[in-house]
Amino acid sequence: MTENVNIDRHRLMVEALQEYAACNDEQLDWILGLVRHRLGAARRMGVPVPAELAGRVARLCEKRGWQLDEPEERT
C-alpha cells in the first residue's frame, strides 16, 4: 500500500513538473515561489527535474535575487 502511495506521489510530481515546463517565462515568473520549492521537493523525492525547467527557474530566481529552494549540485 505504501509503495502505491509513493508511486502516485512520484507520478503526480512528474506531471506537475511537466505542467511547469509548459509555462512561458511570464507565467513561470508569476508562480515562481511555488515552482522553486516544488523543484526542491522533487529533488528530495528523487524525481528527475528537467534541466531546461531548472535553468529557467534558476535564471528567474537570480533576476529577483532569490535563492533556489535547493541548489543544483555542481560537478
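Leu39 counts as buried, because its relative accessibility comes out at just 2% (buried means under 20% relative accessible area, exposed over 50% and partly exposed in between, with a 1.4 Å probe and protein chains only). The structure here is a predicted model, so local features need pLDDT of at least 70 and side-chain atom pairs count only at pLDDT 80 or more, while totals for chains, interfaces and linings use all residues. Residues are numbered from 1 along each chain as its sequence is written, and side-chain values use heavy atoms, with hydrogens and water left out.

Now for the overall layout. The protein has four helices and zero strands (helices are DSSP runs of H or I with at least four residues, strands are runs of E with at least two, and both are numbered from the N terminus). Reading from the N terminus, the elements go α-α-α-α. Of its 75 residues, 27% count as buried. Among contacts between residues at least 6 apart in sequence, 69% join residues at least 24 apart (a contact means heavy atoms within 4.5 Å).

Back to Leu39, which sits in helix H3, residues 32–45. Setting aside residues up to four places away in sequence, Leu39 touches Leu17, Val49, Leu53, Ala54 and Val57. With Ala54, which is 15 residues away along the chain, the C-alpha to C-alpha separation is 7.6 Å. Leu17 has its own list of partners: leaving out neighbours within four places in sequence, Leu17 is in contact with Leu39, Ala42, Val47, Pro48, Val49, Pro50 and Leu53.

What about the helix around Leu39? The 14 residues of H3 should span 20 Å at 1.5 Å a residue, and the end C-alpha atoms are indeed 20 Å apart, which agrees (the expected span is 1.5 Å times one less than the number of residues). The buried residues of H3 are Leu32, Val35, Arg36, Leu39, Gly40 and Ala42. Seen down the axis, these buried residues fall within an arc of 160 degrees, so they line one face of H3 (the arc is that of the directions from the helix axis to the C-beta atoms).

Arg36 is a charged-looking name on that list, so to speak, and it lies in H3. At 18% relative accessibility, Arg36 counts as buried. Its side chain reaches the backbone oxygen of Gln67 at 2.4 Å. Right after H3 comes Gly46, with a positive phi near 85 degrees. Gly46 is placed in the loop between H3 and H4, and it counts as exposed because its relative accessibility is 52%. His10 is 36 residues from Gly46 in sequence, yet their C-alpha atoms are 8.4 Å apart in space.

Next up is the largest nonpolar core, which has 17 residues; those touching the most other members are Leu17, Tyr20, Leu28, Leu39, Leu53 and Val57 (a nonpolar core is a set of buried Ala, Val, Leu, Ile, Met, Phe, Trp, Tyr and Cys residues joined through side-chain atoms within 4.5 Å). Helix H1 (2–21), H3 and helix H4 (51–64) are the elements that give two or more residues to this core. The largest share, five residues, comes from H4. As a rule, nonpolar side chains in soluble globular proteins tend to be buried together.

So how does H4 itself look? Its 14 residues should span 20 Å at 1.5 Å a residue, and its end C-alpha atoms are 20 Å apart, which agrees. In H4, the buried residues are Leu53, Ala54, Arg56, Val57, Leu60 and Cys61. These cover an arc of only 165 degrees around the axis, which puts them on the same side of H4. Ala51, Glu62 and Lys63 are exposed on the other side. Just after H4, Gly65 takes a positive phi of about 80 degrees.

Arg56 lies in H4 and is buried, with a relative accessible area of 10%. A polar contact of 2.9 Å joins the side chains of Arg56 and Asp25 (a polar contact is a pair of N or O atoms within 3.5 Å; within protein, one must be able to donate a hydrogen and the other to accept it, and residues adjacent in sequence count only if both atoms are side-chain atoms). Apart from neighbours within four places in sequence, Arg56 is in contact with Tyr20, Ala21, Cys23, Asn24, Asp25 and Leu28.

Finally, the cysteines. Cys23 counts as buried at 16% relative accessibility, and Cys61 counts as buried at 1%. A search of the whole structure finds zero disulfides (a disulfide is a pair of cysteine sulfur atoms within 2.5 Å).
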